[in-house]
Amino acid sequence: MATNPIPQFPAGFLWGVSTSAHQIEGAAGEREPSVWDTFTAEPGRVKDGSTAAVACDHYHRYREDVALLTGLGVDAYRFSISWPRVNSPGGLDFYDRLVDELCAAGVRPVPTLFHWDLPATLDWLERDTASRFAEYVSVVAGRLGDRVKKWITLNEPAEHTLLGHALGAHAPGKKLLFDAIPAAHHQLLAHGLAVRVLRAAGAADIGIANSHGPTWPASQEPADVVAADFYDLLLNRLFADPVLLGEYPAGIGELMPGDIGEDLKIIGEPLDWYGLNYYAPSRVGAAQGAEIEFGGLTLPAELPFSVREIEGRPVTDFGWPVVPEGLTELLTGFRDRFGDRLPPIVITENGCSYEGIDDQDRIAYLDGHIRALHAAMTAGVDVRGYFVWSLLDNFEWAEGYERRFGLVHVDYRTLERTPKASYGWFRDVLRAQR
Ligand code: GBH
């Protein structure tokens, strides 16, 4: 591990950690069901057969978790608000208490309004879900807007579309391949409507958390280059272009439901900042005409690309390669592509899964990525914050509890929290920045 100190970031740079409601809260009986409750109840959907009924029991232990944030010394905490909980009696009271606790601790609350736990009665393939979302956002903003200043509309509509609606690996478990595209459009529309609702409620610090990574062609063979470009279109441009430019990339608009001209104006509402979740780049080549197992997923043979291994790199427990300079490339690439249409960036997630409490691998991962971020800033990219995924080990979706992303270890029998070596390391990094 590098021993030279991490370079100094500008004053006011926002340091934080992230979580999401379904992954940590538990107390599933105290809210309406979400699509994830329905999905995890079906046998074989989650690798270890677990559900998030209890998870980290954060719903009952949030005070202890806020104390962990204070101990860490972060400026901000990114969490998500569960829409099914807000729909339930007393649900909004929980977020009210959490926000109060954070404010009292001097930690800025940064809620995400949707992180994949859609109420079980709703469906992103229905356009009306976007309007329902706007109504829900208005209720939340009305209650929390006096204390919450920084808002995130959606988390990773790309993953929620791809994994949840195209491949069936996540809730709601639909395997529609390209027929999943309307679910992307309706989430993006929900994003734009939410921006308008938040603006009307006086919010002036609004972003989205989109998942992005550089796409590297497997070779310079035309078939590989074309396939990689298509993958980049689906995972990166399909979700960045409408938000930042108010238009879909060429070739995609035609797949969208109906006349979307007005929708694009809504989706392209200007943002105060753009959130990027970065984990790893992807190496992509031509389709191989067969199913492939990759990164915990089974990719069907019908896809017009194949995802390949990035060789010669350490990998996390999840099998994802560790490529810190991919973050520099991603950031400079965004700056070059979007120019003055790009608002300031915040890294809303970055992290890795490793076992163990003496997690030197996680320290090395974070150290490398924070330096790579600094390099992008030195190259002129305007980045205003960095959030580690995640504060706690938690329910890692289809992987259940087997993947541990936390700076804090959670014993799922006793629910005891134990700070890992990386927690102490990050605390010291933050102290050195003051
Ligand atoms: C995020 O998704 C989620 O927002 C969060 O809830 C989740 O817990 C966290 O990340 C960890 O998974 O196989 O090398 O090509 C992350 C989406 C999709 C990013 C798969 C990395 C594959 C890397 N991820 N992608 S690789």
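Which strands form an open sheet, and in what order? Three strands do, ordered E6-E8-E11 with mixed pairing; strands here are DSSP E runs of at least two residues and helices are H or I runs of at least four, numbered from the N terminus, and two strands pair if DSSP finds at least two bridges between them. Before going further, note that this is a predicted model, where local features need pLDDT of at least 70, side-chain atom pairs count only at pLDDT 80 or more, and totals for chains, interfaces and linings use all residues. Residues are numbered from 1 along each chain as its sequence is written, and side-chain values use heavy atoms, with hydrogens and water left out.

Back to that sheet. Its edges are E6 (215-217) and E11 (306-308), each pairing on one side only. From one strand to the next, the twist averages 45 degrees; axes are lines fitted to C-alpha atoms, for helices over the stretch in contact, and angles run from 0 to 180 degrees between N-to-C directions. E8 (residues 282-285) meets E11 in the antiparallel sense over three bridges, and Val284 has Val307 in E11 as its bridge partner. Helix H9 (residues 222-245) lies across E6, E8 and E11, at about 170 degrees to E6; contact here means heavy atoms within 4.5 Å.

Now for the barrel. Eight strands close it in the order E1-E2-E3-E4-E5-E7-E12-E13, with parallel pairing. Its twist averages 25 degrees from one strand to the next. Take E5 (residues 206-211) and E7 (residues 274-277): they pair in the parallel sense over three bridges, and Ala209 stands opposite Gly275 in E7. On the helix side, H7 (residues 157-166) lies across E3 (108-114), E4 (151-155) and E5, at about 40 degrees to E5. Helix H13 (residues 421-433) lies across E1 (14-18) and E13 (383-389), at about 165 degrees to E1.

That leaves the ligand. It is surrounded by 17 residues, the closest being Gln23, His115, Glu156, Glu396 and Trp397; a residue is near if one of its heavy atoms lies within 4 Å. The shell divides into nine nonpolar, four polar and four charged residues, with Ala, Val, Leu, Ile, Met, Phe, Trp, Tyr, Cys and Pro counted as nonpolar, Asp, Glu, Lys and Arg as charged, and the others, Gly among them, as polar. A polar side-chain atom of Glu396 sits 2.6 Å from a ligand oxygen, and a side-chain N or O atom of Trp397 is 2.9 Å from an oxygen of the ligand.

Notes. A polar contact is a pair of N or O atoms within 3.5 Å; within protein, one must be able to donate a hydrogen and the other to accept it, and residues adjacent in sequence count only if both atoms are side-chain atoms.
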